[in-house]
Amino acid sequence: MNKLFQEHIKNAETIVITTHVFPDADGIGSQIALCMALQQLGKKAICVNEKKLFERYKYLDPQNVIISYEEYMEKPFEEIDLFIVTDTNSLPRIGKNTQELVLNSKDLLFIDHHPCPRELAAIHCIDTTMAATGELVGNLITGLGVEFTKDMSLALYTAILIDTSSFRYPTVSGDTHRLIAKLMDAGVKPPEAFNQINGTKKIGYMRLIGEVLSSAQTNESEEVAWICLNEEMIEKHQSDPEDTHGFINHLLILDNIKVACMFRQNGTSIKLSMRSACTSVDVGIMAQALGGGGHNHSAATVLEGKMDEVVKSSIAKIQRMIDKSKD
Ligand SMILES: [Mn+2]
């Protein structure tokens with residue numbers, strides 16, 4: 001992986017790094033750390049995202065290496081030698097405008113940990129065994145011989161913290177923690193890092209999560225548990241839809257649970273997020289069967305229909321798939 005990466009950056013002078021739309025801390029942290037490392041090597045590197053960085057992530061980017069597509073177009077590079085996409089391996093996911101920059105780039109490289117066709121994985125830095133893109137980027141930076149700075153370390157630590165829901169997913173390995181040790185040696189303080197990304201909630205968040213969790217249900221086998229929420233609930237408690245992503249994880253501590261689900265009404269469609277509570281159940285395959293996709297421990301799909309009907313039919317399908325996996 002390191003050799004492949006170094007091949008791509010060897011002759012690249014100008015490098016643009018992007019991530020998916022509605023970026024999370026893994027995409028953002030990965031691109032920031034990578035950009036700083038490449039700048040240290042003397043490259044003209046910049047991060048360009050479809051939209052401006054959300055206010056709550058700004059502390060991760062003290063050197064303002066992320067700019068929006070609009071800002072970039074005021075003073076674009078004459079030519080882009082290498083265009084790097086972090087935390088997704090699908091070009092449509094980087095946004096309509098940002099995608100156009102790829103056409104004017106001499107080389108394209110995905111750095112990611114999401115499942116993808118084998119042909120794509122062979123020529124890009126894609127490793128699905130990584131807990132986060134941040135872990136992969138940490139390894140690539142080490143491979144370059146660049147020392148972690150405190151800023152790079154906080155960006156990568158936060159990327160891994162968020163993508164592993166605080167180091168609880170099966171993708172977390174000894175190597176993940178060995179990288180975390182290096183990031184801490186470079187100055188990351190876990191309580192501070194945790195609070196900066198998580199400790200920013202308002203009281204409405206508590207009321208929303210209270211309402212959502214008090215309606216949690218399990219099926220007869222207690223192997224599937226779920227929660228539902230809709231836009232009105234988020235509005236009523238003046239919360240940010242972004243804040244609801246972690247709700248599903250609360251279900252994972254239930255006795256007997258195999259799959260946790262969260263149904264979220266979004267206009268006329270319903271987003272179903274799934275988390276696996278054990279390594280024997282692959283929610284990535286389940287999501288695929290329901291028209292979506294994702295990792296084996298965390299996946300999602302979008303369904304159409306009325307909430308109660310969608311819940312009933314998908315829970316039944318998921319239970320059938322669990323039963324099959326026991327054979
Ligand atoms: Mn990720």
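## Exercises on a predicted manganese-bound chain

With 327 residues, a compact globule would have a radius of gyration near 20 Å, and the protein chain agrees with this at 20 Å; the radius is taken over C-alpha atoms, and the globule rule is 2.2 Å times the number of residues to the power 0.38. The model is predicted, so local features need pLDDT of at least 70 and side-chain atom pairs count only at pLDDT 80 or more, while totals for chains, interfaces and linings use all residues. Residues are numbered from 1 along each chain as its sequence is written, and side-chain values use heavy atoms, with hydrogens and water left out.

**Exercise 1.** Characterise the overall fold and surface of the protein chain.

*Solution.*
- Step 1: The protein chain has 13 helices and 12 strands, where helices (H or I, at least four residues) and strands (E, at least two) are DSSP runs numbered from the N terminus.
- Step 2: The C-alpha trace spans about 60 × 45 × 40 Å along its principal axes.
- Step 3: Of the 327 residues, 50% are buried; buried means under 20% relative accessible area, exposed over 50%, and partly exposed in between (1.4 Å probe, protein chains only).
- Step 4: Among contacts with a separation of 6 or more, 66% involve residues 24 or more positions apart, a contact being heavy atoms within 4.5 Å.
- Step 5: About 16,000 Å² is exposed, and carbon and sulfur atoms supply 51% of it; accessible areas come from the Shrake-Rupley method with a 1.4 Å probe, and for residues only the protein chains shown count as cover.

**Exercise 2.** Identify the donors of the manganese ion and place D87 and D163 in the chain.

*Solution.*
- Step 1: The ion is coordinated by D26 (OD), D87 (OD), H113 (NE2) and D163 (OD) at 2.1 to 2.4 Å. Donors are N, O and S atoms within 2.8 Å of the metal (3.2 Å for Na, K and Ca); water is not among the atoms, so sites may look incomplete.
- Step 2: Along the chain, the donors follow the spacing D-x60-D-x25-H-x49-D.
- Step 3: D87 lies in the loop between β4 (82-86) and α4 (96-103), and D163 in helix α7 (residues 150-163), so the pair ties together parts that are 76 residues apart in sequence.
- Step 4: D87 counts as buried at 2% relative accessibility, and D163 is buried with a relative accessible area of 16%.

**Exercise 3.** Describe the surroundings of V21 and Q99.

*Solution.*
- Step 1: V21 is placed in the loop between β1 (14-19) and α2 (25-40) and is partly exposed, with a relative accessible area of 23%.
- Step 2: Apart from neighbours within four places in sequence, V21 contacts E50, R93, I94 and G95.
- Step 3: V21 and N49 are 28 residues apart in sequence, and their C-alpha atoms are 7.6 Å apart.
- Step 4: Q99 belongs to helix α4 and is partly exposed, at 29% relative accessible area.
- Step 5: Not counting residues up to four places away in sequence, Q99 touches L91, P92 and I94.

**Exercise 4.** Examine the backbone at N64 and S165.

*Solution.*
- Step 1: Most residues other than glycine have a negative phi.
- Step 2: N64, although not a glycine, has a positive phi of about 50 degrees. This residue sits in the loop between β2 (44-49) and β3 (66-68) and is exposed, with a relative accessible area of 57%.
- Step 3: S165, also not a glycine, has a positive phi of about 45 degrees. S165 is found in the loop between α7 and α8 (174-185) and counts as buried at 17% relative accessibility.
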